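Take a look at the chain below. This report walks through its strands, its core and part of its surface.

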Amino acid sequence: MSPFFEVKFARMEYAGDGLFNLSYMRHTGKWFEIFQDLSVDECLETIRNFPHFQP
């Protein structure tokens with residue numbers, strides 16, 4: 001049993017100037033971008049509160 005694991009459910013892609021695009025993993029196994037140009041804090045809050053990012 002491994003002490004670590006990875007579940008792909010959210011991806012932050014650097015867009016420049018300290019902003020990120022936010023995607024979630026669809027049931028098809030492909031990433032789907034739904035937010036653009038968010039700060040790190042906005043990304044983390046969105047991941048916490050938006051149902052698409054719940055594993």
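In which helix does Leu44 lie? Leu44 belongs to helix α1, which covers residues 40-49. Keep in mind that this is a predicted model.

## The hairpin

Start with two strands. Strand β2 spans residues 19-25, and strand β3 spans residues 31-38. They pair in the antiparallel sense, over five bridges. One residue to find is Phe20, whose bridge partner in β3 is Leu38.

β2 and β3 form a hairpin. Five residues sit between the two strands. In the turn, Gly29 has a positive phi of about 85 degrees.

## The nonpolar core

In soluble globular proteins, nonpolar side chains tend to be buried together. Here, the largest nonpolar core has seven residues. They are Phe20, Leu22, Tyr24, Leu38, Cys43, Ile47 and Phe53. β2 and α1 each supply at least two residues of this core. The largest share, three residues, comes from β2.

Now follow one core member, Leu22. Leave aside neighbours within four places in sequence. Leu22 is then in contact with residues including Leu38, Cys43, Ile47 and Phe53. Its contacts also include Arg11, Met12 and Glu33.

## Thr46 on the helix

Thr46 is found in helix α1. Is Thr46 buried or exposed? Thr46 counts as buried because its relative accessibility is 17%, and the cut-off for buried is under 20%.

What does Thr46 touch, not counting residues up to four places away in sequence? The list is Leu22, Phe35, Leu38 and Phe53. Among these, Leu22, Leu38 and Phe53 are members of the largest nonpolar core.

## Ile34 on the strand

Ile34 is found in strand β3. Ile34 has 29% relative accessibility, so it counts as partly exposed.

Leave out residues up to four places away in sequence again. Ile34 touches Leu22, Ser23 and Tyr24, along with Phe50, His52 and Phe53. Compare its position with that of Asn21: the two are 13 residues apart in sequence. In space, Ile34 and Asn21 are 7.8 Å apart, C-alpha to C-alpha.

## A patch on the surface

Return to Leu44. Leu44 counts as partly exposed because its relative accessibility is 37%. Together with Met12 and Val40, Leu44 makes a nonpolar surface patch. The patch is about 210 Å². Met12 also appears among the contacts of Leu22.

Technical notes. Residues are numbered from 1 along each chain as its sequence is written. This is a predicted model: local features need pLDDT of at least 70, side-chain atom pairs count only at pLDDT 80 or more; totals for chains, interfaces and linings use all residues. Side-chain values use heavy atoms; hydrogens and water are left out. Two strands pair if DSSP finds at least two bridges between them. Helices (H or I, at least four residues) and strands (E, at least two) are DSSP runs, numbered from the N terminus. Patches are made of residues with over 30% relative accessible area and no salt bridge: like charges are joined within 9 Å, nonpolar side chains (Val, Leu, Ile, Met, Phe, Trp, Tyr) within 5 Å. Accessible areas come from the Shrake-Rupley method with a 1.4 Å probe; for residues, only the protein chains shown count as cover. A salt bridge is a side-chain nitrogen of Lys or Arg within 4 Å of a carboxyl oxygen of Asp or Glu. Buried means under 20% relative accessible area, exposed over 50%, partly exposed in between (1.4 Å probe, protein chains only). A nonpolar core is a set of buried Ala, Val, Leu, Ile, Met, Phe, Trp, Tyr and Cys residues joined through side-chain atoms within 4.5 Å. Contact means heavy atoms within 4.5 Å.
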